[in-house]
Amino acid sequence: MEERKIVTSLFVYAYDELPADYKRLVDEAKRVTKDAYAPYSKFHVGAALLLANGEIVSATNQENAAYPSGMCAERVTMFYANSRYPNQSPKALAIASFAEGDFLDEPITPCGACRQVLLEAEMRYGADINVLLYGKRGVYVVSSVKALLPLSFDSSLLK
Ligand code: THU
């Protein structure tokens, strides 16, 4: 028996330390939280995706009375970007959430299903997607989706 360790590192930035394009991306993720359709959870999530051509695509979580039919902000954003700009590689994704009248102190992280969808995009375009998770106390920056989803399943395993 052998033990194998998987190590993931993340960087915690003060908002002011971020490069200008990442500040804009975080600002956009925060801005769109007001557009979330979240009447059930009242948990408003915004995601903003920077594409290779410099465009930013943003979207929010969309809930449904049949709860499982709703969708997280990250997947709405990525699916829309991939549909609208299929030839533009995603470079970075920022996520922000707003609940009970304020942004959260600590960042939220994408759910498992979203990580799997984000990973597909990372593999499809063959380029790491930087993930920026906004919290009032700091912004977590993870260098790739792969780093967020160790032991992941991807098309290289399909026979
Ligand atoms: N949600 C997201 O949009 N992104 C996340 O990373 C976590 C959760 C949404 C799903 C649901 O509409 C609400 O937040 C509460 O779970």
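Let's start with Asp-105, which counts as partly exposed because its relative accessibility is 34%. Keep in mind that this is a predicted model. Asp-105 is a handy way into the charged side of the structure, so here is a look at its partners, based on its salt bridges with Lys-136 and Arg-137.

## Salt bridges

The structure holds eight salt bridges. Side chains of opposite charge can pair when their charged atoms come close. Here are three of the pairs:

| Pair | N to O distance |
|---|---|
| Glu-2 and Arg-4 | 3.0 Å |
| Asp-105 and Lys-136 | 3.7 Å |
| Asp-105 and Arg-137 | 3.6 Å |

Where do Asp-105 and Arg-137 sit? Asp-105 is in the loop between E5 and H3, while Arg-137 is in the loop between E6 and E7, so this pair links parts that lie 32 residues apart in sequence. Arg-137 is exposed, as its relative accessible area is 61%. Salt bridges with shared partners bring Asp-102, Asp-105, Glu-106, Lys-136 and Arg-137 together in one network. Within that group, Lys-136 is partly exposed, with 41% relative accessibility. As for the pair made by Glu-2 and Arg-4, both residues are exposed.

## Around the ligand

Now for the ligand. Residues around it include Ser-41, Phe-43, Val-45, Ile-108, Thr-109 and Pro-110. Sorted by class, the shell has six nonpolar, three polar and two charged residues. Strand E2 (43–51) and helix H2 (73–84) each contribute at least two residues to this shell.

Which residues put a polar atom 2.9 Å from a ligand oxygen? Asn-61 does so with a side-chain atom, and Ala-73 does so with a backbone atom. Glu-63 has a polar side-chain atom 2.5 Å from an oxygen of the ligand. On its own the ligand has 370 Å² of accessible area, and the protein covers 75% of that.

## A nonpolar patch and a buried serine

Over on the surface, Tyr-37, Tyr-40 and Tyr-67 make a nonpolar patch of about 370 Å². Tyr-67 belongs to the loop between strand E3 (56–60) and H2. Is Tyr-67 buried or exposed? Tyr-67 counts as exposed, because its relative accessibility is 61% and the cut-off for exposed is over 50%.

Ser-152 goes the other way: it is buried, with a relative accessible area of 11%. You'll find Ser-152 in the segment after helix H4 (145–148). The side chain of Ser-152 reaches the backbone oxygen of Leu-149 at 3.4 Å.

Conventions: Residues numbered from 1 in each chain as written. Predicted model: local features only at pLDDT ≥ 70, side-chain atom pairs only at ≥ 80, totals over all residues. Heavy atoms only, no water. Near = heavy atom within 4 Å. Polar contact = N/O pair within 3.5 Å; in protein donor to acceptor, adjacent residues only side chain to side chain. Areas by Shrake-Rupley, 256 points an atom, 1.4 Å probe, with all protein chains shown as cover. Helix = DSSP H or I, 4+ residues; strand = E, 2+ residues; numbered from the N terminus. Nonpolar A, V, L, I, M, F, W, Y, C, P; charged D, E, K, R; others polar. Patch = residues over 30% accessible without salt bridge, like charges linked within 9 Å, V, L, I, M, F, W, Y side chains within 5 Å. Salt bridge = Lys/Arg side-chain N within 4 Å of Asp/Glu carboxyl O. Buried < 20%, exposed > 50% of the residue type's maximum accessible area, 1.4 Å probe, protein only.
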